[in-house]
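Got your viewer ready? Load the model below and keep the selection box handy, and we'll walk through it stop by stop.

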Amino acid sequence: MDPAWALREIAFQLERAGEPTYRVRAFRNAAATVDKTDASQLASMAENGTLTSLPGIGKATAGVIEDVLAGRDPAYRAKLVEKKLPDGEPLRSALRGDCHTHSDWSDGGSSIGEMAVAGRDLGHEWMVLTDHSPRLTVANGLSPDRLRTQMQIVAKANELMAPFRLLHGIEVDILDDGSLDQEDELLGQLDFVVASVHSKLKMPARDMTRRMVAAVRNPRTRVLGHCTGRLVVGRGRPESEFDAEAVFTACRENGVAVEINSRPERLDPPMRLLRLAAEIGCDFTIDSDAHAPGQLDWLGYGCERAIKAGIGPERILNTRTADELVSR
């Protein structure tokens, strides 16, 4: 064990447990500082009790570093009780990857490389990077030029991490008229497109239905993301209103999967709509919608709900190989 690894492991467990971002960031920032500090200097400062003079190192993170350098299991790490998450078995074991993840290129908290390594270490064969599209400025959505640059980063990651495969996708906004918020030519170069509504969630049901059906009929769309937009924790957010039968029928007819979003605050779609989509004959993805490495371990939430809805692995895109996934 080395200090940076221990700090990142604690951050991972905090993310996995849904702890506040500021707490997670303290450990990831401390790990970055350790990476930049000479090992002998770090050891000397630990011995002298001056680690907190380094940028990003506080009392708790200094204690972790001191414990590791002294050959002890960090006390902070030992206090962490690994949160019991739904395991979603046996379906969880059938999943080969995750179709919806974010990096710090949009509103995620970690680099593309950190997210990819975490996915690989969780046992994924592949993972789709789906940062946001331009109109979602609050999430630092990717302009066409930034998306093109990101293509090069993904290609480099794949050179370094083979046989693990990082697929390049996008979570593209469904605009008010149902069009997709990115250049069509660029969408055609990507491996995977998740289309989601992020604005005007209280649009009248008739207009929302028309909007969603138009997006589903777009040949670039592969997945309809978190279809109701609901939030079920804190103050919450009600479901968008739309003709679910019409939307899910359009998904089936156009080969678009319905996302089972595994974020604990979303769990979208609700069970009644998940069962309806299954009855209509849709395919599905089970996605973490992770914005941090530890959140990649949330797939059990979606698997548990898929099992309750009677959805088997043959209807879930995540059970396919990367080549099968992009061969549409």
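**Stop 1: the annotated stretch**

Select residues 97-176: here the chain is 35% helix and 22% strand, with the end C-alpha atoms 31 Å apart. Keep in mind as you click around that this is a predicted model. Why pick that range? According to UniProt, in an unreviewed entry, residues 97-176 carry the feature "domain: Polymerase/histidinol phosphatase N-terminal".

**Stop 2: the largest pocket**

Now bring up Glu15, Thr21, Gly109, His291 and Ala292, which lie nearest the centre of the largest pocket, out of 20 residues that line it. Two elements give two or more residues each to that lining: helix H1 (3-16) and helix H2 (21-36). Colour H2 separately if you like, as it gives the most, with six residues. The pocket holds about 440 Å³ of space. If you colour the lining by class, you'll get four nonpolar, eight polar and eight charged residues.

**Stop 3: the cavity**

How many cavities of 30 Å³ or more does a search of the whole structure find? Just one, with a volume of about 30 Å³. To see its walls, select Val197, Leu201, Met208, Met212, His226, Cys227, Thr228, Gly229 and Ser240. By class, that lining comes out as five nonpolar and four polar residues, with no charged ones.

**Stop 4: cysteines**

Stay on Cys227, one of the residues lining the cavity. The disulfide count for this model is zero. Cys227 is in none, and its nearest cysteine sulfur, in Cys251, sits 8.1 Å away. Buried or exposed, where does Cys227 fall? Buried, at 4% relative accessible area. Hop over to Cys251, which is buried too, at 0%. Why does Cys251 not pair up either? Its closest cysteine sulfur belongs to Cys282 and is 5.3 Å off, so the two are too far apart for a bond; the cut-off is 2.5 Å.

**Stop 5: salt bridges**

Switch to charged side chains: the structure holds 24 salt bridges. Here are some to click on.

- **Arg148 and Glu183.** The closest N and O atoms of this salt bridge are 3.0 Å apart. The pair links distant parts of the chain, 35 residues apart: Arg148 is in helix H8 (residues 144-161), while Glu183 is in the loop between strand E3 (165-173) and helix H9 (184-187). Arg148 is partly exposed at 31% relative accessibility, and Glu183 is partly exposed at 36%.
- **Arg263 and Glu265.** In this salt bridge the closest N and O atoms are 2.7 Å apart. Toggle a surface here: Arg263 is buried, with a relative accessible area of 10%, whereas Glu265 counts as partly exposed at 21%.
- **Arg120 and Asp121.** These side chains meet in a salt bridge at 3.3 Å, N to O. Arg120 is partly exposed at 37% relative accessible area, and Asp121 is exposed at 56%.

**Last stop: a network**

Finish by selecting Arg135, Asp173, Asp176, Lys200 and Arg211 together. Which kind of contact links these residues in a network? Salt bridges, joining Arg135, Asp173, Asp176, Lys200 and Arg211. For a final view, show this network alongside residues 97-176, the range that UniProt annotates as a domain.

Conventions. Residues are numbered from 1 along each chain as its sequence is written. This is a predicted model: local features need pLDDT of at least 70, side-chain atom pairs count only at pLDDT 80 or more; totals for chains, interfaces and linings use all residues. Side-chain values use heavy atoms; hydrogens and water are left out. On a 1 Å grid over the protein atoms alone, a cavity is a set of points where a 1.4 Å probe fits but cannot get out, and a pocket is an open set with protein on both sides within 12 Å along at least five of seven lines; lining residues have an atom within 4 Å of a point. Grid points are joined across faces, edges and corners, and a volume is the space filled by probe spheres set on the points. Ala, Val, Leu, Ile, Met, Phe, Trp, Tyr, Cys and Pro count as nonpolar, Asp, Glu, Lys and Arg as charged, and the others, Gly among them, as polar. A salt bridge is a side-chain nitrogen of Lys or Arg within 4 Å of a carboxyl oxygen of Asp or Glu. Buried means under 20% relative accessible area, exposed over 50%, partly exposed in between (1.4 Å probe, protein chains only). Helices (H or I, at least four residues) and strands (E, at least two) are DSSP runs, numbered from the N terminus. UniProt positions are given in the numbering used here, feature names are shortened, and annotations may be inferred rather than shown by experiment.
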